[in-house]
Amino acid sequence: MEITKGLLYINDKDAAQEWGVFLTEKKEGEWTNYEALLKPSTTKELTVVDNPDADGEELPEEIELHLQARDVELYFCLWAESAQAYFVNYGRFFTMLRTGKEGWLEVRLPEIDRTFRLRYLGATETEQLTPIGEGGVCSRMRLKFREPKPLY
């Protein structure tokens, strides 16, 4: 699908051209993928002194906050013109997710000019959108990734 080319790169490869995958949404008008990627991470707990003989808690004068690792779930669509091409792309895509580049996935989205360093955790949801064996084959899946050092 020509319209999806150049929108998503994984380890410097155009995902639509290489594996027939692109980011999609569950419903029209949603932005769950970008919301998941751009949601700020929570901060790590600070070491505090909770003295029972004093009100509140003691913190250093200067606080330096650090981000926790976070999980990100993204919807992908995998599309191919035939069942044979679909299963070839399916196998190649999931092999790439598991192996990455030394295990890492550099997910780049030119539209928002951001690259995320992730590792694959698994699929949380899959849905076959078209029948297998009747022309083009399409499925949607929700995949879970870990971002150990979040951008935000």
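This passage walks through the sheet, the core, helix 3 and a few local features of a predicted model.

We can start with the sheet. Seven strands make up an open sheet in the order 2-1-5-6-7-4-3, and the pairing is antiparallel. Strand 2 (13-14) and strand 3 (21-23) sit at the edges, each with a pairing partner on one side only. Strands of a sheet pair through backbone hydrogen bonds, in either a parallel or an antiparallel sense. Here, strand 6 and strand 7 are joined in the antiparallel sense by eight bridges, and T126 has M141 of strand 7 as its bridge partner. On the other pairing considered, strand 5 and strand 6 also run antiparallel, linked by five bridges, with L109 standing opposite R114 of strand 6. These two strands, 5 and 6, form a hairpin with four residues between them. In that turn, D113 takes a positive phi of about 55 degrees.

Next comes the core. Nonpolar side chains tend to be buried together in soluble globular proteins. In this model the largest nonpolar core has 27 residues, and those with the most contacts inside it are I10, F76, F93, L97, L105, L143 and F145. Both helices and strands feed into this core: helix 1 (15-19), helix 2 (32-38) and helix 3 (83-99) are among the elements giving two or more residues, and so are strand 4 (70-80), strand 5 (105-109), strand 6 (114-128) and strand 7 (137-147). L105 gives a good idea of how these parts meet. Leaving aside residues up to four places away in sequence, L105 touches I10, N11, M96, L97, G100, F116, R117, L118, R119, Y120 and F145.

Helix 3 deserves a look of its own. With 17 residues at 1.5 Å a residue, helix 3 should span 24 Å, and its end C-alpha atoms are indeed 24 Å apart, so the two values agree. The buried residues of helix 3 are Y86, N89, F93, F94, M96 and L97. They lie on the same side of helix 3, because they cover an arc of only 155 degrees around the axis. An α-helix has 3.6 residues a turn, so residues three or four places apart point the same way. Turned away from the buried side of helix 3 is a face with the exposed residues Q84 and R98. Just after helix 3, G100 has a positive phi of about 55 degrees; G100 is also one of the residues that L105 touches.

A polar residue turns up on the inside as well. N33 belongs to helix 2. With a relative accessible area of 3%, N33 falls under the 20% cut-off and therefore counts as buried. A polar atom of the N33 side chain lies 2.7 Å from the backbone nitrogen of Y75. Not counting residues up to four places away in sequence, the contacts of N33 are L23, T24, E25, E73, L74 and Y75.

Finally, two loop residues stand out for their backbone. D12, in the loop between strand 1 (9-10) and strand 2, has a phi near 65 degrees, a positive value in a residue other than glycine. D12 is exposed, at 60% relative accessibility. E102, found in the loop between helix 3 and strand 5, has a positive phi too, near 60 degrees, and is likewise a residue other than glycine. E102 has a relative accessible area of 79% and so is exposed.

Technical notes
Residues numbered from 1 in each chain as written. Predicted model: local features only at pLDDT ≥ 70, side-chain atom pairs only at ≥ 80, totals over all residues. Heavy atoms only, no water. Core = buried A, V, L, I, M, F, W, Y, C linked by side-chain atoms within 4.5 Å. Buried < 20%, exposed > 50% of the residue type's maximum accessible area, 1.4 Å probe, protein only. Contact = heavy atoms within 4.5 Å. Pairing = 2+ DSSP bridges. Expected span 1.5 Å × (residues − 1). Arc of directions from axis to C-beta. Polar contact = N/O pair within 3.5 Å; in protein donor to acceptor, adjacent residues only side chain to side chain.
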